[in-house]
Amino acid sequence: MKIKNKAQCGSLESSDLMVFVEPADSLKIEIESSVKKQYGKSIERTVKEELERAGVKSVYIKIQDAGALDPTIRARVSTALKRGSK
Amino acid sequence: MKEFKLRRTMLYIPGNNPGMIGNADIFGADSVLFDLEDSVAASEKDAARELVGSFIKNRGFSNIEITVRVNPMGSEYIRDDLIAVVDGNLDAVRLPKTNSKNDVRELEKMLEEVEKEKGIGRKIRIHPMIETALGVENTFDIALSSKRIDAITIGGQDLTADMEIVKTEKGDELFYARTRIVMAAKAAGIDAMDTVYADVNNEQGLIEETQMVKKLGFTGKAVINPRQIKPVHNVFRPASEEIEWAREVINAYEAALKEGKGVIAIRGKMIDPPVVKRAQKIIAIAALENGAEDEE
């Protein structure tokens with residue numbers, strides 16, 4: 001999957017997250033979360049798994065986390081990537 | 001496959017609300033319904049179906065019936081909805097605005113295709129939602145249209161809109177549709193679920209409506225707020241006099257069987273097989289209710 005456009009998905013309500021994607025020449029992941037110290041690595045691992053599942057190698061992806069659970073992160077990343085690929 | 005014993009409440013959860021979806025199994029409802037239809041804006045249909053699908057796949061939710069209300073047959077969304085949510089952890093799909101047996105058969109065909117593509121070895125059940133005048137008139141045909149159907153449900157808001165009338169607090173205008181749907185469900189041997197009670201601040205109104213639909217024969221009721229669960233469960237709980245009567249009937253029936261008597265009477269009334277069956281069901285529900293209360 002190739003990211004052709006800027007896209008976003010999610011919200012900043014509690015238990016959700018915002019995902020922003022943009023076309024890029026390489027992979028860059030940025031994570032903002034009030035629990036980054038405890039869960040930053042875990043969020044990054046989940047994001048990378050979803051990128052791999054979608055076959056996306058180059059993208060700028062920014063996460064603003066509001067306490068989302070793993071299934072929410074997976075879904076929001078996946079939707080943002082699909083929206084960005086259209 | 002999970003075994004379902006009680007279906008007194010089915011809690012609606014908006015499909016794009018991760019906070020509520022994540023907590024779906026803690027509220028005490030017998031069944032939850034993730035909604036991809038009316039509670040989701042057109043621009044968020046893609047996000048909601050992925051979110052619901054992700055939770056069903058990655059979290060599972062054990063010990064509770066998991067259903068999804070997809071978008072109606074003929075909409076541009078339904079196939080993508082099914083692709084996103086069909087999973088070994090999904091129990092049933094609710095089909096809104098079911099108008100005819102053809103709608104069910106088309107859904108069944110789509111489900112078969114998606115289950116096969118995903119390698120799911122079980123058949124996901126179908127809950128047709130009757131919410132048009134045409135659907136009401138076709139209810140019995142719909143109820144019999146697929147072996148996957150184990151419950152049928154009425155949608156009061158859309159039905160009254162389709163009938164060009166106002167849905168009132170008392171709900172007299174739904175009497176014909178309710179009784180017709182219950183009769184079709186009983187004839188087909190499936191559950192009948194009633195529509196939601198929209199005023200979440202009026203507990204007495206909810207209780208009275210639930211008492212009325214229980215009398216008509218409904219198995220349970222859809223709810224839109226966790227606060228509505230307990231009052232509905234309380235109404236569907238068999239009363240102690242009912243349980244006492246049922247025990248008496250079963251004891252007399254078993255004694256008559258032993259003695260080879262064909263006809264029995266209790267409190268001056270003749271007891272025949274349908275009455276015994278009803279008594280057995282009351283005892284079974286009471287036993288399950290006790291189990292469910294222990295878990296709550």
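**Helix packing, salt bridges and buried positions in a two-chain model**

In the predicted model, Glu203(B), Leu206(B), Ile207(B), Thr210(B), Gln211(B) and Lys214(B) of H9(B) are in contact with Pro231(B), Val232(B), Val235(B) and Phe236(B) of H10(B). By residue class, this contact between H9(B) and H10(B) comprises 6 nonpolar, 2 polar and 2 charged residues. The axes of H9(B) and H10(B), the latter spanning residues 229-236, approach within 9 Å and cross at roughly 35°. The crossing of H9(B) and H10(B) is right-handed.

H9(B) also takes part in a charged pair, as Glu209(B) forms a salt bridge with Arg178(B), with 3.5 Å between the closest N and O atoms. Distant parts of the chain are thereby linked: Glu209(B) belongs to helix H9 (residues 203-216) and Arg178(B) to helix H8 (residues 175-188), and the two residues are 31 residues apart. Both Glu209(B) and Arg178(B) are buried.

Helix H8 of chain B also contains Ile181(B). Ile181(B) has a relative accessibility of 0% and is therefore classed as buried. Beyond its neighbours within four places in sequence, Ile181(B) contacts Ile130(B), Thr139(B), Ile152(B) and Ile154(B). Between the C-alpha atoms of Ile181(B) and Ala143(B) the distance is 9.0 Å, although 38 residues separate the two in sequence.

Salt bridges were then considered across the model. Side chains of opposite charge can pair when their charged atoms come close. Over all chains, 33 salt bridges are counted. One salt bridge is formed by the side chains of Arg83(A) and Asp46(B), at an N to O distance of 2.7 Å. This pair joins two chains, because Arg83(A) is located in helix H2 (residues 70-84) of chain A and Asp46(B) in helix H2 (residues 45-58) of chain B. Asp46(B) is partly exposed, its relative accessibility being 21%.

Within chain B, Arg7(B) and Asp150(B) form a further salt bridge, in which the closest N and O atoms are 3.1 Å apart. Here too, distant parts of the chain are linked: Arg7(B) lies in the segment before strand E1 (9-14), whereas Asp150(B) lies in the loop between helix H6 (139-143) and strand E6 (151-154), the residues being 143 residues apart. Arg7(B) has a relative accessible area of 7% and is buried. In addition, a network of salt bridges links Asp35(B), Glu37(B), Asp38(B), Arg69(B), Lys97(B) and Asp158(B).

At the level of domains, chain B is assigned domain 1 (9-236) and domain 2 (240-295). A distance of 32 Å separates the C-alpha centres of domain 1 and domain 2 of chain B. Ala42(B) is placed in the loop between strand E2 (31-35) and H2 of chain B. With a relative accessibility of 54%, Ala42(B) is classed as exposed. The C-alpha atoms of Ala42(B) and Val200(B) are 26 Å apart, with these positions 158 residues apart along the chain.

In chain A, helix H1 (residues 36-54) has Gly40(A), Ile43(A), Thr46(A), Val47(A), Glu50(A) and Leu51(A) as its buried residues. The elements covering these buried residues of H1(A) include strand E3 (27-33), strand E4 (59-65) and H2 of chain A. After H1(A) comes Gly55(A), which has a positive phi near 70°.

How values were computed:
Residues are numbered from 1 along each chain as its sequence is written. Chains are lettered from A and ligands numbered from 1 in the order in which they are written. This is a predicted model: local features need pLDDT of at least 70, side-chain atom pairs count only at pLDDT 80 or more; totals for chains, interfaces and linings use all residues. Side-chain values use heavy atoms; hydrogens and water are left out. A salt bridge is a side-chain nitrogen of Lys or Arg within 4 Å of a carboxyl oxygen of Asp or Glu. Helices (H or I, at least four residues) and strands (E, at least two) are DSSP runs, numbered from the N terminus. Buried means under 20% relative accessible area, exposed over 50%, partly exposed in between (1.4 Å probe, protein chains only). Domain bounds come from an automatic or database domain assignment. Axes are lines fitted to C-alpha atoms, for helices over the stretch in contact, and angles run from 0 to 180 degrees between N-to-C directions. A crossing is left-handed if the near helix is turned anticlockwise from the far one by less than a right angle, and right-handed if clockwise. Contact means heavy atoms within 4.5 Å. Ala, Val, Leu, Ile, Met, Phe, Trp, Tyr, Cys and Pro count as nonpolar, Asp, Glu, Lys and Arg as charged, and the others, Gly among them, as polar.
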